[in-house]
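Welcome! Take a look at the sequence and the model below, and then follow this short briefing through the main topics.

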Amino acid sequence: TMSLPPGHRLPEFQTVYPTYDNYARSILSALASRFDDPVLVDVGANVGDTTLMALNSHESWQVVAVEGSPEFLDYLRRNTAEHQTRVTLVPAFVDCSSSSGLTYSSNGSTGGFSPDRYSTNTTPVVSVEQIWPAVGGFTVWKSDTDGLDLPIALENWQVLGKADVLWLEWDIALTRGGESLSEQLCEQLRCDGWS
């Protein structure tokens, strides 16, 4: 059970696409049994659906939930309150040069970044380099930022390449930098021996 903002479409997505996020439960459970003291960094945590899935899949998960939207952060706090000892909330967006000149906006279910020459984005940012030592490294880097997942991964490869699992959710139509970034990331993964 989760609290959702009015109009949040998670229940609709789960109804229309029955495997929408349910596939994650078995993956997270399997990963928890494979690694000692697993840590999930959930970037773009939204209201905490993936965070809760990890916490409920296995008692060993620790989660760092990164969310910059004040609206979603409030729901994330409420939804994870009973797991306070296993969750660290980071009220920020992950810093990325591709986000320069962009402003975040929410539509009630998700958010995104778009050019806005009249607005300044005052939401705090955190670097991947700040997250890594703060949690002593991480097992899984899960990113769902609706447009910046690939730029963040490529710009921070020196750190993210140390994770055991990269879990990137992206829609190529929303990706800042376009289709070539997915090719660049695939090439980087190949060069570093990822399978």
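## Strands side by side

V64 has T88 as its bridge partner in strand 3. Keep in mind that this model is predicted. From that bridge we can move out to the whole sheet, then to the charged and aromatic side chains.

**The sheet**

- Five strands make up an open sheet, and their order is 3-2-1-8-9 with parallel pairing.
- Strand 3 (87-90) and strand 9 (165-168) are the edge strands, each pairing on one side only.
- From one strand to the next, the twist averages 15°.

**Strand 2 and its neighbours**

- Strand 2 covers residues 62-66 and pairs with strand 3 in the parallel sense over four bridges.
- Another bridge partner to look for here is L89 in strand 3, which is matched with A65.
- On the way from strand 2 to strand 3 comes helix 4 (residues 70-80), and together the three make a right-handed β-α-β unit.
- Strand 2 also pairs with strand 1, again in the parallel sense, over five bridges.
- In that pairing, V41 has V64 of strand 2 as its bridge partner.
- The chain passes from strand 1 through helix 3 (residues 49-57) to strand 2, in a β-α-β crossover that is right-handed.
- Why is strand 2 described as largely enclosed by the rest of the structure? Four of its five residues are buried, so the surroundings largely enclose this strand.

**Salt bridges**

- Side chains of opposite charge can pair when their charged atoms come close.
- The count for this model comes to four salt bridges, and three of them are described here, including one between K142 and D42.
- In the K142 and D42 pair, the N to O distance is 3.2 Å.
- K142 belongs to strand 8 (residues 140-143) and D42 to strand 1 (residues 39-43), so their salt bridge ties together parts that are 100 residues apart in sequence.
- Both K142 and D42 are buried.
- R190 and E187 form a salt bridge as well, at 2.9 Å from N to O.
- These two residues both lie in helix 8 (residues 179-191), where they are three residues apart, about one turn of the helix.
- R190 is exposed, with a relative accessible area of 56%, whereas E187 is partly exposed at 38%.
- E12 forms a salt bridge with R9, and their closest N and O atoms are 2.9 Å apart.
- E12 is partly exposed at a relative accessible area of 37%, and R9 is also partly exposed, at 38%.

**Aromatic rings**

- A pair of aromatic rings is described by the distance of the centres and the angle of the planes.
- There are four aromatic pairs by the count used here.
- How do the rings of W132 and F138 meet, and what are the distance and angle? Their centres are 4.6 Å apart and their planes are at 80°, so this pair is edge-to-face.
- F138 also pairs with W141, and this pair is tilted, with 5.4 Å from centre to centre and 40° between the planes.
- W132, F138 and W141 form one aromatic cluster.
- Are F138 and W141 buried or exposed? F138 is buried with a relative accessible area of 5%, and W141 is buried at 0%.

**A charge over a ring**

- The charged end of R78 sits over the ring of Y75, at 4.2 Å from the ring centre.

Terms used. Residues numbered from 1 in each chain as written. Predicted model: local features only at pLDDT ≥ 70, side-chain atom pairs only at ≥ 80, totals over all residues. Heavy atoms only, no water. Pairing = 2+ DSSP bridges. Axes fitted to C-alpha atoms, helices over the stretch in contact; angles between N-to-C directions. Salt bridge = Lys/Arg side-chain N within 4 Å of Asp/Glu carboxyl O. Buried < 20%, exposed > 50% of the residue type's maximum accessible area, 1.4 Å probe, protein only. Right-handed = clockwise from strand over helix to strand, strands pointing away. Phe/Tyr/Trp six-rings, centres within 6.5 Å; stacked < 30°, edge-to-face > 60°. Lys NZ or Arg CZ within 6 Å of the ring centre and 35° of its normal.
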